Amino acid sequence: MPGFELFGGEERKEVNDVLDTGILMRYGFDAARKGNWKAKELETAICQFFGSKYAQLVSSGTAALTTALSALGIGYGDEVIMPSFTFVASFEAVLSVGAIPVLVDVDDTLTLNPEAVRNAITPKTKCVMPVHMCGGMADLDALVAICKEHRLLLLEDACQSIGASYKGRQVGTIGDAGTFSFDFVKTMTCAEGGAVMTNNEDLFIKSDGLSDHGHDHKGVDRGADLHPFIGYNYRISELHAAVGLAQIRKLRQFLDIQQRNHTLLKSVLQQVPEITFRRIPDPSGDSCTFLSWFLPTEAITRAVITDLKEQGLLAGNFYWFDNNWHYIRKWDHLKNAVTLNALHPDMKAAVMQQTNKNFAASDAILSRCVSTAISLLWTEEQIKEKGERMVQSIRKVLAQQGVSA
Ligand SMILES: Cc1ncc(COP(=O)(O)O)c(C=O)c1O
């Protein structure tokens with residue numbers, strides 16, 4: 001999945017442009033920077049590549065979610081519906097703006113089950129936040145329809161699905177706003193960084209200001225900028241943007257390699273009829289960072305994970321059900337609403353209520369799911385060998401469990 005696998009001279013050149021001037025900040029110092037505006041250039045490239053009207057770079061994907069939520073006006077008293085399977089950043093961002101994350105079940109798309117979203121809507125619901133996990137995408141037609149019907153905002157957390165598309169449009173550009181992460185293990189990386197994308201000028205202006213202490217950025221003198229609202233510092237540096245600029249120029253190549261490697265690995269695993277694959281609402285839009293597959297039961301899946309480990313094949317295969325970062329089951333800090341800052345008691349109670357619900361439907365999916373990360377560096381032979389060894393391991397476990405001979 002990560003662009004860091006194909007890191008090289010292009011990134012070095014862009015970073016050196018910045019180092020040569022010594023202007024590491026994205027704003028100001030117009031003369032001294034000698035025409036280098038890496039963050040601005042990357043924002044333009046993002047708009048062009050993904051088909052978004054506006055893009056605001058920030059310091060991380062988490063900062064992008066926080067910025068987008070604030071720009072959308074989400075805060076005290078609001079509920080944001082999000083999936084039980086995501087990365088901790090999704091609920092961290094919701095909590096950081098003072099809203100309540102309402103976690104609901106995922107289905108075999110590995111993201112929001114539209115029926116679960118419908119059932120979770122209350123008068124306090126303000127936003128639905130699909131998280132396009134593991135390179136795929138949510139059922140956006142269904143979610144857009146729900147948001148229209150109930151007049152809700154749609155914020156796409158597309159941090160893990162850079163380059164995925166849904167019916168011809170890039171994920172992250174379909175809702176009211178969308179976010180990317182450019183951290184070190186994303187499809188393209190800035191080392192650390194993120195972006196808010198939107199087609200709404202007002203949201204863009206708010207994102208631009210919020211991520212830089214509320215500056216209105218109307219003049220050339222930062223000291224004279226006005227502050228129409230309170231903001232924070234979520235700025236990206238020119239050094240990080242420079243890395244991203246080199247990476248976005250190679251993004252099409254990264255995606256093509258991922259898709260080719262994913263197709264080949266899938267064709268090998270397809271030999272086993274007991275393996276089923278994650279449902280992708282628009283298969284032609286899969287960014288293919290992961291191949292996610294299911295086995296018939298939790299017991300079989302756990303036994304396969306154990307066997308893959310014994311065979312030295314586990315690296316790159318993720319069993320999210322036991323993962324501390326990605327699934328509700330292990331988020332005790334959230335379930336107990338443990339924060340360093342004091343929460344209003346009503347908020348604490350609401351967070352605990354929302355996160356201690358029954359997620360049996362999600363458990364039934366995640367307990368049988370394995371995601372295999374797709375490397376950009378694999379050769380065809382390596383993929384075939386890896387796939388065949390995985391197939392052998394799975395067949396052995398199935399036979400031991402009496403599922404097939
Ligand atoms: C779904 C999702 N949302 C948000 C983030 C946060 O991105 P960052 O690490 O850039 O803060 C991540 C990072 O892994 C993620 O996977």
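# Reading a predicted model, feature by feature

User: Which residues does Q354 touch, leaving out those up to four places away in sequence?

Analyst: Contact here means heavy atoms within 4.5 Å. Once residues up to four places away in sequence are set aside, Q354 touches E79, I100, P101, V102, L103 and F359. Before we go on, two notes on reading. This is a predicted model, where local features need pLDDT of at least 70 and side-chain atom pairs count only at pLDDT 80 or more, while totals for chains, interfaces and linings use all residues. Residues are numbered from 1 along each chain as its sequence is written, and side-chain values use heavy atoms, with hydrogens and water left out.

User: Where is Q354, and is it buried or exposed?

Analyst: Helices (H or I, at least four residues) and strands (E, at least two) are DSSP runs, numbered from the N terminus. Q354 has its place in helix α12. As for burial, buried means under 20% relative accessible area, exposed over 50%, and partly exposed in between, using a 1.4 Å probe and protein chains only. Q354 has a relative accessible area of 11%, so it counts as buried. Its side chain also makes a polar contact of 2.9 Å with the side chain of K357. A polar contact is a pair of N or O atoms within 3.5 Å; within protein, one must be able to donate a hydrogen and the other to accept it, and residues adjacent in sequence count only if both atoms are side-chain atoms.

User: How do I read a sheet, and what order do the strands take in the one with seven strands?

Analyst: Strands of a sheet pair through backbone hydrogen bonds, either parallel or antiparallel. Two strands are called paired if DSSP finds at least two bridges between them. The seven strands form an open sheet in the order β1-β9-β8-β5-β4-β2-β3, with mixed pairing. At its edges stand β1 (54–58) and β3 (100–104); each has a single partner strand, so one side of each is left without a neighbour in the sheet. Ignoring direction, neighbouring strands of this sheet are turned by 25 degrees against each other on average. Helix α12 (residues 345–355) packs on the sheet, where it touches β2 (79–83) and β3, and its direction makes about 10 degrees with that of β3. For such angles, axes are lines fitted to C-alpha atoms, for helices over the stretch in contact, and the values run from 0 to 180 degrees between N-to-C directions.

User: How many bridges join β5 to β8?

Analyst: Three bridges join β5 (residues 153–157) to β8 (residues 177–181), and the two strands run parallel. One of the partnerships is E156 with G178 in β8.

User: What is the strand order in the sheet of four strands?

Analyst: That open sheet runs β10-β11-β13-β12, with antiparallel pairing. Strand β11 (residues 290–294) has five of its five residues buried. F290, S292 and F294 lie on one side and L291 and W293 on the other, so to speak two covered faces. Five bridges join β11 to β13 (residues 369–373), with F290 partnered by A373. Two bridges join β10 (residues 276–277) to β11, where T276 has F294 as its partner.

User: How can I check the length of a helix such as α2?

Analyst: The expected span of a helix is 1.5 Å times one less than its number of residues. Helix α2 (residues 38–50) has 13 residues and should therefore span 18 Å, and its end C-alpha atoms are indeed 18 Å apart. Its buried residues are K38, A39, L42, E43, A45, I46, C47 and F50. G51 follows α2 and has a positive phi, near 75 degrees.

User: Which residues come nearest to the ligand?

Analyst: A residue is near a molecule or strand if one of its heavy atoms lies within 4 Å of it. There are 15 residues around the ligand, and G61, T62, S181, D183 and K186 come nearest. Polar side-chain atoms of T62 and S181 lie 2.5 Å and 2.7 Å, respectively, from an oxygen atom of the ligand. In the side chain of D157, an N or O atom is 2.8 Å from a nitrogen atom of the ligand.

User: Which backbone atom does the side chain of Q247 reach?

Analyst: The side chain of Q247 reaches the backbone nitrogen of T189 at 2.9 Å. Q247 is found in helix α8 (residues 238–248) and is buried, with a relative accessible area of 0%.
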